[in-house]
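Student: I am new to this structure and would like a close look at a single part, the strands and the way they pair with one another. Could you take me through that part slowly, and then place it within the rest of the chain?

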Amino acid sequence: MDIVWKDQVDNKYDVYVERVEPYKGELVIKEGDRELTRKSVTIVYDAKFGPDAADVYEWQNICINFIDGELNKKL
């Protein structure tokens, strides 16, 4: 597994982007061992020296929108 970026949201959700092929990845949101969602994303410049700031911003927004939107609908 080639992790391009990872973070944690609300000290509860692990979020990361895993490279699946050049310039493409999958953003994963997990709560503990349970995978909540997986979404295909692009990786600008293929992140040879780390992810592009614009990519990170987009990925963070996807994560926050999912966690605040989709998960809170289920509560």
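Tutor: What follows goes through the strands in order, then turns to some residues on them, and then to the helix and the chain as a whole.

Please keep in mind that this is a predicted model, and that the description below is a description of that model. The protein has one helix and four strands, and, read from the N terminus, the elements follow the order β-β-β-β-α. The strands therefore come before the helix in that order, and the radius of gyration of the protein, 12 Å, is close to the 11 Å that the globule rule gives for 75 residues, so the protein is as compact as a globular protein of that length.

We can start with strand β1, which covers residues 2–9. Strands β1 and β2 pair in the antiparallel sense, and seven bridges are found between them. One place to look along this pairing is Q8, whose bridge partner in β2 is D14. The two strands form a hairpin with three residues between them, and in that hairpin D10 takes a positive phi near 55 degrees.

Strand β2, residues 13–21, is also joined to strand β3, residues 24–31, by eight bridges, and these two strands run antiparallel. Two bridge partners help to follow this pairing by eye: V15 has I29 as its partner in β3, while E21 has K24. Here the hairpin has two residues between its strands, and Y23, in the turn, has a positive phi of about 70 degrees.

The next pairing is that of β3 with strand β4, residues 34–42, which is again antiparallel and extends over eight bridges. Within it, V28 stands opposite R38 of β4. The hairpin of β3 and β4 has two residues between the strands, and G32 is the residue there with a positive phi, near 65 degrees.

With the pairings in place, it is worth pausing at two residues with charged names, E18 and K24, each on one of these strands. E18 has its place in strand β2, and, because its relative accessibility of 14% is under the 20% cut-off, E18 counts as buried. The side chain of E18 is joined to that of R38 by a polar contact of 3.3 Å. Leaving aside neighbours within four places in sequence, the contacts of E18 are M1, D2, I3, K24, G25, E26 and R38.

K24, in turn, lies in strand β3 and is partly exposed, with a relative accessible area of 43%. Not counting residues up to four places away in sequence, K24 touches E18, R19, V41 and I43. K24 can also be set against Y57: the two are 33 residues apart in sequence, and their C-alpha atoms are 16 Å apart in space.

The strands also have a link to the helix, through a pair of aromatic rings. A pair of aromatic rings is described by the distance of the centres and the angle of the planes. The count for this model comes to one aromatic pair. The rings of W5 and W59 have their centres 5.7 Å apart and their planes at 45 degrees, so the pair is tilted. This pair links distant parts of the chain, since W5 belongs to strand β1 and W59 to helix α1, residues 53–73, with the two positions 54 residues apart in sequence terms. W5 is buried, at a relative accessible area of 9%, and W59 is buried too, at 0%.

Finally, some values describe the protein as a whole. Its C-alpha atoms fill a box of roughly 40 × 25 × 20 Å along the principal axes. Of the 75 residues, 33% are buried. Among contacts between residues at least 6 apart in sequence, 28% join residues at least 24 apart. The protein exposes about 5,100 Å², of which carbon and sulfur atoms supply 48%.

Key:
Residues are numbered from 1 along each chain as its sequence is written. This is a predicted model: local features need pLDDT of at least 70, side-chain atom pairs count only at pLDDT 80 or more; totals for chains, interfaces and linings use all residues. Side-chain values use heavy atoms; hydrogens and water are left out. Rings of Phe, Tyr and Trp (its six-membered ring) pair if their centres lie within 6.5 Å; planes under 30 degrees apart count as stacked, over 60 as edge-to-face and the rest as tilted. Buried means under 20% relative accessible area, exposed over 50%, partly exposed in between (1.4 Å probe, protein chains only). Two strands pair if DSSP finds at least two bridges between them. A polar contact is a pair of N or O atoms within 3.5 Å; within protein, one must be able to donate a hydrogen and the other to accept it, and residues adjacent in sequence count only if both atoms are side-chain atoms. Contact means heavy atoms within 4.5 Å. The radius of gyration is taken over C-alpha atoms; the globule rule is 2.2 Å times the number of residues to the power 0.38. Accessible areas come from the Shrake-Rupley method with a 1.4 Å probe; for residues, only the protein chains shown count as cover.
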